[in-house]
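Trainee: Could you take me through chain B piece by piece, sheets before anything else, and then the face that meets the other chain? I'd like one connected account rather than a list.

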Amino acid sequence: MQALYAQLLVGLINGSFYALLSLGLAVIFGMLNIINFAHGALYMMGAFCAYFLLSLTGIGYWWALLIAPILVGIFGMILERTMLQWLAGLDHLYGLLLTFGIALIVQGVFQNYFGSSGLPYAIPDYPQIGDWRGLQGGMNLGFMFLPVYRGWVVIFSLVVCIATWYLIEKTRLGANLRAATENPTLVRAFGINVPRMITLTYGLGVGLAALAGVLSAPINQVRPLMGADLIIVVFAVVVIGGMGSIMGSIITGFALGVIEGLTKYFYPEASNTVVFVLMVLVLLIKPTGLTGRAA
Amino acid sequence: MKHRISALFLGTALALATGGGAMAQDKNIKIGVLTDNSGLYSDLGGAGSTLAAQMAVEDSGLAAKGWKIDIISADHQNKPDIATTIARQWIDVEKVDIFMDVLNSGVALAVNNVVKEKNAVMINTGAASSDLTNAQCSPNTIHWVYDTYMLANSTGQALVKAGGDTWYFLTADYAFGHALERDTTAVVVKSGGKVIGTVKHPLNSSDFSSFLLQAQASKAKIVGMANAGGDTTNTIKQASEFGIVAGGQKLAGLLLFITDVHSLGLKVAQGLSFTETFYWDLNDGTRAFSKRFSERMKNKAMPSMVQAGVYSGLIHYFKTLEAMGGNPHDGAKVVAKMKELPTDDALFGKGSIRADGRKIHPAYLFEVKKPAESRGPWDYYKLIGTTPGEQAFRPLSESACPLVKK
């Protein structure tokens with residue numbers, strides 16, 4: 001029974017990565033109508049950004065949490081300005097193919113320069129206050145040993161998810177944004193710069209991916225293919241949650257992390273496929289996803 | 001008169017036979033490096049294996065003697081079906097004579113069948129499964145660098161002797177992981193230890209926390225990692241996060257490559273013990289080769305044992321062909337001759353190839369240095385034991401290979 005609690009908690013931790021990544025995807029799909037296959041590559045770029053900040057300039061983890069998403073976000077906005085914006089109004093398939101191509105190029109370039117086994121990035125050992133060694137070490141919860149860093153990941157990503165949801169669903173900026181995607185011509189008539197808004201939204205989605213990348217750098221090796229391995233699962237999460245639904249992707253992200261964790265406990269061989277089995281089941285019963293609205 | 005005519009005929013015939021034979025000696029060789037160029041094993045094989053093959057061709061000096069040697073390379077993406085398609089095309093269309101590297105046990109076992117069917121040669125330096133020279137042995141295949149039996153025998157035995165008598169396995173769920181777990185279990189049990197649990201994880205997993213928690217809960221003294229490449233590095237990194245070693249359990253890297261240690265950094269990898277058959281800093285010969293290799297590699301990486309094996313295997317292959325005078329296209333015949341000749345090169349020292357296709361050389365037990373002990377980049381290993389070749393590998397008496405006469 002203790003082991004089961006431990007698996008639930010571990011599932012929640014993985015779920016927070018799924019949630020952060022699928023949230024970015026949902027924001028981009030909801031606002032730009034683009035199926036952003038480059039998301040995994042941008043997540044990987046976030047992790048590499050953190051690595052470079054540390055190894056080249058000595059900027060540590062805490063600042064990287066802020067700087068890496070901004071840098072990668074800017075890269076994303078350049079992509080949107082130079083390429084993606086020309087796809088507005090076209091079929092989803094074009095966006096999917098273009099972003100898939102971008103992902104392959106970005107991953108290929110990184111792999112060419114940094115190989116496949118990855119680079120080390122340590123869990124931050126500061127601030128040091130008394131016995132507290134930054135995010136290193138762990139605590140014994142009785143039923144499991146919880147690394148402090150993993151606990152931090154869950155809390156931090158929950159806060160970021162809720163803040164993003166609030167920004168889009170509850171603020172004036174978010175309302176403008178949603179209106180702009182519904183009827184850009186009308187919104188433009190109110191004097192709102194719609195193209196700039198779209199660019200910033202893409203930047204936000206990309207920034208979320210990069211943030212997840214920085215969070216994962218101390219846990220996984222910083223590898224060129226770290227995003228490629230994850231992206232398919234994240235897409236399944238978005239499809240199950242309902243394409244474009246913000247809350248749906250957050251909740252499904254955490255829930256699937258937990259389900260996957262339980263599979264790893266009861267039948268580990270299936271842990272890579274359980275998400276897809278669920279996806280098939282959900283699509284059979286409710287093709288729009290659990291919280292999706294009919295298009 | 002009659003005698004003179006027949007003597008003349010005989011003489012001409014003989015001259016034609018020998019002279020004509022010499023003319024027909026084919027001195028074209030095509031080498032195919034079939035490896036993982038883009039996936040989780042590409043650093044330990046990949047482009048480095050192709051470079052090692054090039055260096056072997058250059059060092060053989062055969063080109064100056066009129067031989068024509070070409071190298072091609074392809075990415076099998078760790079998928080047996082893709083690998084066999086490439087292998088068939090290489091043999092039928094490209095006329096490839098010899099397959100090098102072929103890492104990933106699933107891929108190697110599949111290609112093994114194609115190579116045998118088409119009578120080509122495979123010198124496998126990358127795959128681990130000891131089945132390649134056991135039940136699945138072939139007259140066309142030589143298993144060069146290491147195998148699961150040897151890894152289990154060396155690392156497993158050493159750890160049980162040091163008091164690690166209860167084991168829990170994290171096993172990659174494909175041919176290689178299964179073989180490594182099976183062979184190590186046999187050694188552990190034989191040495192008086194016990195396996196109290198095992199968990200099979202999918203190949204190329206990024207998160208091992210669930211599996212590590214199960215290993216932790218089992219309270220086994222040794223957590224054996226029957227996986228490789230990116231799977232192993234992530235396991236080690238996350239094991240340190242979950243305090244596996246700090247909690248009194250010991251991690252056993254059954255298969256670890258120098259590229260893995262480099263990627264982890266000494267801070268995380270220190271203290272791990274494992275077995276390899278090649279290390280760049282072993283002796284003058286290995287240092288000289290590795291220095292040349294590293295200068296030509298991107299990132300200035302030192303060779304892994306897989307890449308060193310490609311060089312060493314080809315050097316022996318070239319020596320054999322030179323002794324045969326040419327005609328590399330009859331695979332089984334070439335391999336038979338390779339088994340007759342003793343092996344000797346700067347990287348693996350003196351050795352031999354057994355009837356079952358197993359290349360014999362010593363195995364070294366290493367421990368990863370502490371960061372303070374390392375004197376510079378790539379100075380990572382301390383040698384803690386050497387097993388002579390005859391004891392390191394599965395004895396012929398236990399072999400299920402049909403090529404072994406009993």
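**Chain B: two sheets and a shared face**

Mentor: Sure. Start with the open sheet of 5 strands in chain B, where the order is β2-β1-β3-β4-β5 and the pairing is parallel. The edges belong to β2 (68-75) and β5 (141-143) of chain B; each has a single partner strand, so one side of each is left without a neighbour in the sheet. On average, neighbouring strands here are turned by 20° against each other, if you ignore direction. Bear in mind throughout that this is a predicted model.

Zoom in on the β5(B) edge. Strand β4 (residues 121-124) of chain B runs parallel to β5(B), and 3 bridges join the two. For a landmark, look for Met122(B), which stands opposite Thr141(B) in β5(B). Now for the helices on this sheet. Helix α2 (residues 46-60) of chain B packs on it and touches β1 (28-35), β2 and β3 (98-101) of chain B, with its direction making about 175° with that of β2(B). Helix α3 (residues 80-92) of chain B lies across β1, β2 and β3 of chain B too, running at about 160° to β2(B).

On to the other sheet. This one is an open sheet of 3 strands in chain B, ordered β10-β14-β15, and its pairing is antiparallel. Its edges are β10 (273-276) and β15 (381-387) of chain B, each with a single partner strand, so one side of each is left without a neighbour in the sheet. From one strand to the next, the twist averages 30°. If you follow β10(B) along strand β14 (residues 363-368) of chain B, you'll find 4 bridges holding the pair in the antiparallel sense. Within that pair, Glu276(B) stands opposite Tyr364(B) in β14(B). Helix α5 (residues 148-161) of chain B packs on this sheet, touching β10, β14 and β15 of chain B, and its direction makes about 150° with that of β10(B).

That leaves the face towards chain A. The contact draws 33 residues from chain B and 36 residues from chain A. Between the two chains, about 2800 Å² is buried, and carbon and sulfur atoms give 43% of that. Three residues are worth selecting in your viewer: Lys237(B), Glu241(B) and Ser263(B) supply 21% of the area that chain B buries against chain A, more than any other three residues.

Glu241(B) has another role in this picture, since it forms a salt bridge with Arg150(A), with the closest N and O atoms 2.7 Å apart. The interface of chain B and chain A has 3 salt bridges by the rule used, and the count of residue pairs in polar contact between these chains is 23, both residues being at pLDDT 80 or more. As for which elements are involved, those giving two or more residues to the side of chain B that touches chain A are β7 (194-201), α7 (209-218), α8 (229-241) and α9 (258-264) of chain B. The most comes from α7(B), with 6 residues. By residue class, the side of chain B that touches chain A divides into 9 nonpolar, 17 polar and 7 charged.

Conventions. Residues are numbered from 1 along each chain as its sequence is written. Chains are lettered from A and ligands numbered from 1 in the order in which they are written. This is a predicted model: local features need pLDDT of at least 70, side-chain atom pairs count only at pLDDT 80 or more; totals for chains, interfaces and linings use all residues. Side-chain values use heavy atoms; hydrogens and water are left out. Contact means heavy atoms within 4.5 Å. Buried area is the accessible area (1.4 Å probe) that two parts lose on being put together, summed over both. A salt bridge is a side-chain nitrogen of Lys or Arg within 4 Å of a carboxyl oxygen of Asp or Glu. A polar contact is a pair of N or O atoms within 3.5 Å; within protein, one must be able to donate a hydrogen and the other to accept it, and residues adjacent in sequence count only if both atoms are side-chain atoms. Ala, Val, Leu, Ile, Met, Phe, Trp, Tyr, Cys and Pro count as nonpolar, Asp, Glu, Lys and Arg as charged, and the others, Gly among them, as polar. Two strands pair if DSSP finds at least two bridges between them. Axes are lines fitted to C-alpha atoms, for helices over the stretch in contact, and angles run from 0 to 180 degrees between N-to-C directions.
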